[in-house]
Number of protein chains: 2
Amino acid sequence: MSKKRLGNVWMGETCPIRQVLDRFGDKWSILIIELLSQEGKLRFSEIAQTIGDISQKMLTVTLRSLESDGLVTRRFYPEIPPRVEYELSDLGRSLVPHIEQLTGWGQAHMATIMENRRLFEAKRMEKN
Amino acid sequence: MSKKRLGNVWMGETCPIRQVLDRFGDKWSILIIELLSQEGKLRFSEIAQTIGDISQKMLTVTLRSLESDGLVTRRFYPEIPPRVEYELSDLGRSLVPHIEQLTGWGQAHMATIMENRRLFEAKRMEKN
DNA sequence: CAACTTACTTACCTTTTAGTAACAATCGTG
DNA sequence: CACGATTGTTACTAAAAGGTAAGTAAGTTG
């Protein structure tokens, strides 16, 4: 009768969907992973300039958390001025195809979604 | 020299990664899609009870936006008390395999990520 | 010796996201 | 005629996320 309510997969921190969302649902992580995948090694300032509208603060915290999780490697060259290069790790690279699957789906269907949204809004209006 | 700074794919609303993140980066959408994929047709209250820690408000706004985008269908039965059934549309179903790819990667590697995070934190501590 | 460069860090503030709790609509039942 | 059941809505609040702007280090250049 009851579809097991206790300890089911959908609740709490053990739910794999929530884990993934928790790690990659932020504004910049996936974007930076995909960028590094396409461009290879990049300096801090190159990432900043390519993305364009990321703040210095968010770029550092995002890169730091990607490094902390072993998705990105950071190489520091103690020159003056300093140089830092970021690159995907093997773990990071292993994620890329799955991201691209998802964005591929996005490219294929996002226009439909926007149109659906428009139609839904139109229907909602005519009921008032 | 300059890797085209103007109108590049990484900036603005045309970037497919940002579009996907914008639509699915919220706390509940993907979870609900996957739940409907596994359980088929579900009532409002069944979704609420299975997830357990979603608020009534967030369940309605998330379902409403999924419906608006054509990812979920809503069938209303004007009984007393009312009954509403939610189900994935074809468009919604077409997204499921890509979500599962990603959560599959999560299940395979999240333990490593957590361990990396622990090690990184340990290193950070010993430097102070 | 002030200015410049790069890669940060920090304090502060704004915006966005989500939660809480109360209320609405509906009609059959006790 | 109050009550319960179900699917919402609304106003208010709390928390999280992210942006802004200023500061830091450290050697090189004019």
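The following conversation goes through a predicted model of two protein chains and two DNA strands.

Trainee: Which strands make up the sheet in chain B, and in what order?
Mentor: In chain B there is an open sheet of three strands, ordered β1-β3-β2, and the pairing is antiparallel. The edge strands are β1 (42–43) and β2, each of which pairs on one side only.

Trainee: What holds strands of a sheet to one another, in general?
Mentor: Strands of a sheet pair through backbone hydrogen bonds, and the pairing is either parallel or antiparallel.

Trainee: How many bridges join β2 and β3 of chain B?
Mentor: Six bridges join β2(B), residues 72–77, to β3(B), residues 83–88. The two strands run antiparallel, and they form a hairpin with five residues between them.

Trainee: Which residue of β3(B) is the bridge partner of Val72(B)?
Mentor: The partner of Val72(B) is Leu88(B).

Trainee: Where is Pro81(B) placed?
Mentor: Pro81(B) lies in the loop between β2 and β3 of chain B. The peptide bond leading from Ile80(B) to Pro81(B) is cis, with omega near -5 degrees.

Trainee: And in chain A, is the peptide bond from Ile80(A) to Pro81(A) cis or trans?
Mentor: That bond is cis, with omega near -10 degrees. Pro81(A) sits in the loop between β2 (72–77) and β3 (83–88) of chain A.

Trainee: Let us turn to the DNA. Which residues come nearest to strand D?
Mentor: Of the 19 residues around DNA strand D, the nearest are Lys57(A), Met58(A), Thr60(B), Arg74(B) and Tyr86(B).

Trainee: What polar atoms of the protein lie by the phosphate oxygens of strand D?
Mentor: A polar backbone atom of Lys27(A) is 2.9 Å from a phosphate oxygen of DNA strand D. For Ser45(B), a polar side-chain atom lies 3.0 Å from a phosphate oxygen of that strand. In addition, an N or O atom in the side chain of Arg43(B) is 3.0 Å from a sugar or linking oxygen of DNA strand D.

Trainee: Which elements give two or more residues to the surface near strand D?
Mentor: They are α4 (56–68) of chain A, together with α3 (44–51), α4 (56–68) and β3 of chain B. The largest share, four residues, comes from α4(B).

Trainee: What part of strand D faces the protein, sugar and phosphate or bases?
Mentor: Both do: of the atoms of DNA strand D within 4 Å of the protein, 64% belong to sugar or phosphate and the rest to bases.

Trainee: How many residues surround strand C?
Mentor: DNA strand C is surrounded by 20 residues, and the closest are Gln56(A), Thr60(A), Arg74(A), Tyr86(A) and Lys57(B). Sugar and phosphate make up 66% of the atoms of DNA strand C that come within 4 Å of the protein.

Trainee: Which backbone atoms lie by a phosphate oxygen of strand C?
Mentor: Among them is a backbone N or O atom of Lys27(B), 2.9 Å from a phosphate oxygen of DNA strand C. Another belongs to Val84(A), where the distance is 3.4 Å. From a side chain, a polar atom of Arg43(A) lies 3.0 Å from a sugar or linking oxygen of DNA strand C.

Trainee: Which element gives the most to the surface near strand C?
Mentor: That is α4(A), with four residues. At least two residues each come from α3 (44–51), α4 and β3 of chain A and from α4 of chain B.

Trainee: A new topic: is Glu34(A) buried or exposed?
Mentor: Glu34(A), in helix α2 (residues 29–39) of chain A, is buried yet has no salt bridge. The nearest side chain of opposite charge, Arg93(A), is 12 Å away.

Trainee: What does Glu34(A) touch, then?
Mentor: Leaving aside residues up to four places away in sequence, Glu34(A) touches Val96(A), Ile99(A), Glu100(A), Trp10(B) and Ile17(B). The side chain of Glu34(A) also has a polar contact of 2.9 Å with the side chain of Gln38(A).

Trainee: Lastly, why does Pro97(B) count as partly exposed?
Mentor: Pro97(B) counts as partly exposed because its relative accessibility is 43%, and that class lies between 20% and 50%. Pro97(B) is in helix α5 (residues 90–126) of chain B.

Definitions and conventions. Residues numbered from 1 in each chain as written. Chains lettered and ligands numbered in written order. Predicted model: local features only at pLDDT ≥ 70, side-chain atom pairs only at ≥ 80, totals over all residues. Heavy atoms only, no water. Pairing = 2+ DSSP bridges. Buried < 20%, exposed > 50% of the residue type's maximum accessible area, 1.4 Å probe, protein only. Lys, Arg positive; Asp, Glu negative; His and termini not counted. Salt bridge = Lys/Arg side-chain N within 4 Å of Asp/Glu carboxyl O. Polar contact = N/O pair within 3.5 Å; in protein donor to acceptor, adjacent residues only side chain to side chain. Contact = heavy atoms within 4.5 Å. Near = heavy atom within 4 Å.
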